[in-house]
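I wanted to keep a short record of what I looked up in this structure, entry by entry. The entries begin with the ligand and then turn to empty spaces and single residues.

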Amino acid sequence: MRIVLLGPPGAGKGTQAALLARRDGLAHVATGDLFRAHLDRGTELGKQVKSYMDRGALVPDGVTTRMVLERFEEPGAQDGFVLDGFPRTIPQAEALDAALADAGQAIDRALLIEVEREELGRRLAGRWICRGCQTLYHERSAPPAKAGICDACGGELYQRGDDKPEVVSVRLETYEKETGPLAGYYERQGKLARIDGGGAVEAVAKQITSSIGGRVAVAAADVTVE
Ligand code: AP5
């Protein structure tokens, strides 16, 4: 299965991608996470992308696409993947389709997670992330057992610099302008499914499951969709 997750900042792409990847043994390829790992390690790529990320702009297509295609060469992605945050522009989507076609492959499904703007703001303002294992928390909807500490690995939780309200506004505008057209791109290919992302994590996961078929594990409980 090769899945693309689309949706605005805070829609729950990372949350749902992690569930899908765990359920189906898919590689979870998140461009934001890959860039942040480069920033943390202080690599040349990290230095190159920092100013774009800090202000909520998109990193140039060439840099981003190259990084994703290199990730595909690593173990794990050959048998299927869920893309979280990529593609984000028409040129990225075309480059992805061309690279997959060269390998005799194609995207199976593009899932657009839709959430109202006010809720997006609430989700981003309350998001905490583990520095160690990247597990996502929310102070209201998914709090850790102990404030500031990851339940999964004991790592330190932090808030992203680009989740400040002024940067979130730019990210949302960038999404509308640059990424919005991708819905039409995948619709024309007959691959788009719209997901109402406004409900609880489990409810969103159920819709995703029914749109691709199968079973998804949510926290300790399994949710089955007929
Ligand atoms: P990236 O890291 O991809 O950020 P994003 O797309 O803006 O998305 P987010 O990670 O903010 O949100 P999400 O939809 O994953 O939501 P999450 O599951 O975390 O990109 C960052 C930057 O990198 C970009 O601005 C750009 O500069 C660069 N970049 C990345 N990809 C690029 C590309 N392809 N091209 C160019 N540049 C690129 O959930 C949010 C919160 O809500 C969490 O706290 C979670 O616990 C909570 N939550 C989730 N679901 C629910 C729910 N159903 N109910 C209640 N709470 C929920």
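What follows are my notes on a predicted model, in the order in which I looked things up.

**Entry 1: the surroundings of the ligand**

I began with the question of how many residues surround the ligand. I found 35 of them, and the closest are Thr-15, Ala-57, Arg-88, Arg-127 and Arg-171. When I sorted this shell by class, I noted 15 nonpolar, 12 polar and eight charged residues.

**Entry 2: contacts with oxygen atoms of the ligand**

I then looked up distances from oxygen atoms of the ligand to polar atoms of the protein. For Lys-13, an N or O atom in the side chain is 2.9 Å from an oxygen atom of the ligand. For Arg-88, the partner is likewise an N or O atom in the side chain, and the distance to a ligand oxygen is 2.6 Å. Ala-57 uses its backbone, where a polar atom is 2.6 Å from an oxygen atom of the ligand. I next asked how much of the ligand the protein covers. On its own the ligand has 1,000 Å² of accessible area, and the protein covers 96% of that.

I also wrote down which elements give two or more residues to the shell around the ligand, and these are helix H1 (13–24), helix H2 (31–41), helix H6 (117–125), strand S6 (136–138) and helix H9 (201–212). Of the elements, H2 gives the most to this shell, with four residues.

**Entry 3: the second largest pocket**

My next search concerned the second largest pocket, for which I noted a volume of about 370 Å³. Its lining is made up of 16 residues, and those nearest the centre are Arg-36, Leu-39, Asp-40, Tyr-158 and Arg-160. Two or more residues of the lining come from H2 and also from helix H3 (44–55). Helix H2 again appears in my notes, as it gives the most to this lining, with five residues. By class, I recorded five nonpolar, three polar and eight charged residues in the lining of this pocket.

**Entry 4: cavities**

I reminded myself that rolling a probe the size of a water molecule over the atoms shows where empty space is left. How many cavities of 30 Å³ or more does a search of the whole structure find? It finds two, and the largest cavity has a volume of about 40 Å³. Among the residues that line the largest cavity I noted Leu-5, Leu-6, Gly-7, Tyr-175 and Thr-179. Lys-13 and Arg-88 also belong to this lining, and I had already met both in my entry on ligand contacts, Lys-13 at 2.9 Å and Arg-88 at 2.6 Å. Strand S1 (2–6) and helix H7 (165–179) are the elements that give two or more residues to the lining of the largest cavity. I divided the lining residues into five nonpolar, three polar and two charged.

**Entry 5: the backbone at Pro-87 and Gln-134**

Phe-86 and Pro-87 are also in the lining of the largest cavity, and I checked the peptide bond that joins them. This bond is cis, with omega near -5°. Pro-87 has its place in the loop between strand S3 (81–84) and helix H5 (90–102).

I then turned to Gln-134, in the loop between strand S5 (127–130) and S6, where phi is near 70°, a positive value in a residue other than glycine.

**Entry 6: buried or exposed**

Is Gln-16, which I found in helix H1, buried or exposed? Its relative accessibility is 5%, so Gln-16 counts as buried, the limit being under 20%. A polar atom of its side chain lies 3.2 Å from the backbone oxygen of Val-201.

Gly-25, in the loop between H1 and strand S2 (27–30), has 59% relative accessibility and therefore counts as exposed, since the limit is over 50%. I noted that Gly-25 and Gly-76 are 51 residues apart along the chain, while their C-alpha atoms are separated by 8.7 Å.

Cys-133 lies in the loop between S5 and S6, and at 33% relative accessibility I entered Cys-133 as partly exposed. From Cys-133 to Val-115 I noted 18 residues in sequence and 26 Å in space, C-alpha to C-alpha. Gln-134, with a relative accessible area of 35%, is also partly exposed.

Note on methods
Residues numbered from 1 in each chain as written. Predicted model: local features only at pLDDT ≥ 70, side-chain atom pairs only at ≥ 80, totals over all residues. Heavy atoms only, no water. Near = heavy atom within 4 Å. Polar contact = N/O pair within 3.5 Å; in protein donor to acceptor, adjacent residues only side chain to side chain. Areas by Shrake-Rupley, 256 points an atom, 1.4 Å probe, with all protein chains shown as cover. Nonpolar A, V, L, I, M, F, W, Y, C, P; charged D, E, K, R; others polar. 1 Å grid on protein atoms, 1.4 Å probe; cavity = no way out; pocket = protein on both sides within 12 Å on 5 of 7 lines; lining within 4 Å. Points joined across faces, edges and corners; volume = space filled by probe spheres on them. Buried < 20%, exposed > 50% of the residue type's maximum accessible area, 1.4 Å probe, protein only.
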